[in-house]
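User: I have a model open here and would like to know what stands behind the words used for it. Could you take me through them?

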Amino acid sequence: KAVAATPYDLPGGEKETITASIGISGVTPDTDADDLKTVGESLIAHADVALYQAKSDGRDRVAVDGAE
């Protein structure tokens, strides 16, 4: 809410407000180093799912993906 309530100065003196939708995901840190690429790809994929859930829920929100 604070982001949407804060007007930001643009070049030329105009002011604009923005919103932010954020997707969060996490992984358990006990993964072998060989699997780091797969873990990273999975982490990004789950965060992306959470991001679109936040947008679907009305934007300007934070959503957490509970996978893993």
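User: Which elements have the lowest and the highest mean pLDDT?

Analyst: Helix 1 (residues 2-5) has the lowest mean pLDDT among the elements, at 82, and strand 3 the highest, at 95. The pLDDT is the predictor's confidence in each residue, from 0 to 100. For the protein chain, the average is 85, and 88% of the residues score at least 70. Where pLDDT is low, the predicted coordinates should not be read in detail.

User: What ground rules apply to the model and its numbering?

Analyst: This is a predicted model, where local features need pLDDT of at least 70 and side-chain atom pairs count only at pLDDT 80 or more, while totals for chains, interfaces and linings use all residues. Residues are numbered from 1 along each chain as its sequence is written, and side-chain values use heavy atoms, with hydrogens and water left out.

User: How many helices and strands are there, and what makes a stretch a helix or a strand?

Analyst: There are two helices and four strands, in the order α-β-β-β-α-β along the sequence. Both kinds are DSSP runs numbered from the N terminus: helices are H or I with at least four residues, strands are E with at least two. Strand 2 covers residues 15-16, so this run meets the strand minimum of at least two.

User: Why is the pair Asp9 and Lys15 called a salt bridge?

Analyst: The closest N and O atoms of Asp9 and Lys15 are 2.6 Å apart. A salt bridge is a side-chain nitrogen of Lys or Arg within 4 Å of a carboxyl oxygen of Asp or Glu, so the 2.6 Å pair qualifies. Side chains of opposite charge can pair when their charged atoms come close. A search of the whole structure finds one salt bridge.

User: What makes the Lys15 and Asp9 side chains a polar contact as well?

Analyst: Their polar contact is 2.6 Å. The term asks for a pair of N or O atoms within 3.5 Å; within protein, one must be able to donate a hydrogen and the other to accept it, and residues adjacent in sequence count only if both atoms are side-chain atoms. The 2.6 Å value therefore falls inside the distance limit.

User: Are Asp9 and Lys15 buried or exposed, and how do you know?

Analyst: Asp9 has a relative accessible area of 59%, and Lys15 has 53%. Buried means under 20%, exposed over 50%, and partly exposed in between (1.4 Å probe, protein chains only), so both residues are exposed.

User: How is Pro7 classed, and which residues does Pro7 touch?

Analyst: Pro7, in the loop between helix 1 and strand 1 (8-9), is at 43% relative accessibility and therefore counts as partly exposed. Leaving out residues up to four places away in sequence, Pro7 touches Lys15, Glu16 and Thr17. Contact here means heavy atoms within 4.5 Å.

User: Why is Ala50 called buried?

Analyst: Ala50 has a relative accessible area of 3%, so this residue of helix 2 counts as buried. Not counting residues up to four places away in sequence, Ala50 touches Ile22, Gly23, Ile24, Ala63, Val64 and Asp65. The C-alpha atoms of Ala50 and Ala63 are separated by 5.2 Å, although the two are 13 residues apart along the chain.

User: What about Ser25: buried or exposed?

Analyst: Ser25 is buried, because its relative accessible area is 17%. Ser25 lies in the loop between strand 3 and helix 2 (36-56). Its contacts, apart from neighbours within four places in sequence, are Leu43, His46, Ala47 and Asp65. Of the 68 residues of the protein chain, 10% count as buried.

User: Which residues form the nonpolar patch, and what makes them a patch?

Analyst: Ile22, Ile24, Val62 and Val64 form the patch on the surface, with about 360 Å² of accessible area together. Accessible areas come from the Shrake-Rupley method with a 1.4 Å probe; for residues, only the protein chains shown count as cover. Patches take residues with over 30% relative accessible area and no salt bridge, joining like charges within 9 Å and nonpolar side chains (Val, Leu, Ile, Met, Phe, Trp, Tyr) within 5 Å. Val62, at 52% and hence exposed, is therefore over the 30% limit. Strand 3 (22-24) and strand 4 (62-64) each supply at least two residues of the patch.
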